[in-house]
Amino acid sequence: MPVPIRRLCVALTLCCALVAGATACGNSNAGSRTSTKATVTAAALDQPAAEPSPTTSAEKQKFAKTRFVANAGLAAGATYQWIVKPWKAGKFKKGADGRRMTLVKAGVAGLFAYNRLKAAERNAKGDPLLSKALAPLSKGIENLKNLPAKLRHGDTGAASDFNDVINNVKDAGKGAGAPVQNKVPTAGQLRSGGQ
């Protein structure tokens with residue numbers, strides 16, 4: 001329902017009057033406060049902008065662990081849901097019902113898991129304990145890059161390799177005080193690579 005223009009004018013006038021009245025009311029020191037405020041403002045303009053202080057190393061480590069857990073959890077969830085479960089059910093074998101679609105899903109999940117594991121590896125570098133625990137697994141994570149292609153070609157050992165690397169990452173996280181739980185990614189996360 002449209003509001004008459006007259007009501008809008010009255011409301012605007014009333015608001016302006018209240019604001020003007022509130023600024024006019026004050027104590028006798030108002031003039032001295034304004035000049036002080038102007039002096040402080042002028043002094044602040046003459047100085048260079050202050051740099052924001054960095055977070056403490058404890059906060060950086062906490063965020064590194066949190067990000068590591070999130071990324072590794074997504075990688076573990078995708079691997080279990082679309083690679084390990086179908087592998088255990090025998091859906092990668094030649095002649096299995098729905099094999100082609102299962103392989104496509106496994107390939108996408110494999111790329112997603114690789115992407116998230118690389119992100120988790122970068123996150124782990126922010127925490128000395130996690131960095132040390134994950135260092136021996138870097139080569140295994142890098143080897144996952146080619147496993148989606150192996151899955152498409154019917155190499156069922158690739159699913160086992162994915163599972164082994166994920167379990168090693170989860171064990172390293174648990175040992176460093178960052179336990180990882182499987183978190184199945186949404187379809188949108190799979191499409192975007194979890195970014």
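**Exercise 1. By class, how many nonpolar, polar and charged residues does the lining of the largest pocket have?**

Before we dig in, a word on the ground rules. This is a predicted model, where local features need pLDDT of at least 70 and side-chain atom pairs count only at pLDDT 80 or more, while totals for chains, interfaces and linings use all residues. Residues are numbered from 1 along each chain as its sequence is written, and side-chain values use heavy atoms, with hydrogens and water left out.

*Step 1.* Get the term straight. On a 1 Å grid over the protein atoms alone, a pocket is an open set of points with protein on both sides within 12 Å along at least five of seven lines, and lining residues have an atom within 4 Å of a point.

*Step 2.* List the lining: Gln81, Trp82, Lys85, Pro86, Ala89, Lys91, Gly98, Met101, Thr102 and Lys105. Two elements, α3 (57-88) and α4, give two or more residues each to this lining. The largest share, 4 residues, comes from α3.

*Step 3.* Sort them. Ala, Val, Leu, Ile, Met, Phe, Trp, Tyr, Cys and Pro count as nonpolar, Asp, Glu, Lys and Arg as charged, and the others, Gly among them, as polar. That gives 4 nonpolar, 3 polar and 3 charged residues.

*Step 4.* Add the volume, about 160 Å³ for this pocket; a volume here is the space filled by probe spheres set on the grid points, which are joined across faces, edges and corners.

**Exercise 2. Describe the secondary structure of the protein chain and give its share of buried residues.**

*Step 1.* Helices (H or I, at least four residues) and strands (E, at least two) are DSSP runs, numbered from the N terminus. The protein chain comes to 9 helices and 0 strands.

*Step 2.* Buried means under 20% relative accessible area, exposed over 50%, and partly exposed in between (1.4 Å probe, protein chains only). Buried residues make up 30% of the 195 residues.

**Exercise 3. Which residues are linked in a network of salt bridges?**

*Step 1.* A salt bridge needs a side-chain nitrogen of Lys or Arg within 4 Å of a carboxyl oxygen of Asp or Glu. The whole structure has 3 of them.

*Step 2.* Start with Lys118 and Glu121, whose closest N and O atoms are 3.2 Å apart. Both sit in helix α4, 3 residues apart, or about one turn of the helix. Lys118 is partly exposed at 21% relative accessible area, whereas Glu121 is buried at 10%.

*Step 3.* Now take Glu142, which pairs with Lys118 at 2.9 Å between the closest N and O atoms. Glu142 lies in helix α6 and Lys118 in helix α4, so this pair ties together parts that are 24 residues apart in sequence.

*Step 4.* Glu142 also meets Lys145 in a salt bridge (3.9 Å, N to O). Both are partly exposed: Glu142 has a relative accessible area of 31%, and Lys145 has 47%.

*Step 5.* Put it together: Lys118, Glu121, Glu142 and Lys145 form the network.

**Exercise 4. Which residues form a nonpolar patch on the surface?**

*Step 1.* Patch residues have over 30% relative accessible area and no salt bridge; nonpolar side chains (Val, Leu, Ile, Met, Phe, Trp, Tyr) are joined within 5 Å, like charges within 9 Å.

*Step 2.* Met101, Val104 and Val108 make the patch, with about 260 Å² of accessible area together (Shrake-Rupley method, 1.4 Å probe, only the protein chains shown counting as cover).

*Step 3.* Look at Val104: this residue is in helix α4 (residues 99-124) and is partly exposed, at 44%.

How values were computed. On a 1 Å grid over the protein atoms alone, a cavity is a set of points where a 1.4 Å probe fits but cannot get out, and a pocket is an open set with protein on both sides within 12 Å along at least five of seven lines; lining residues have an atom within 4 Å of a point.
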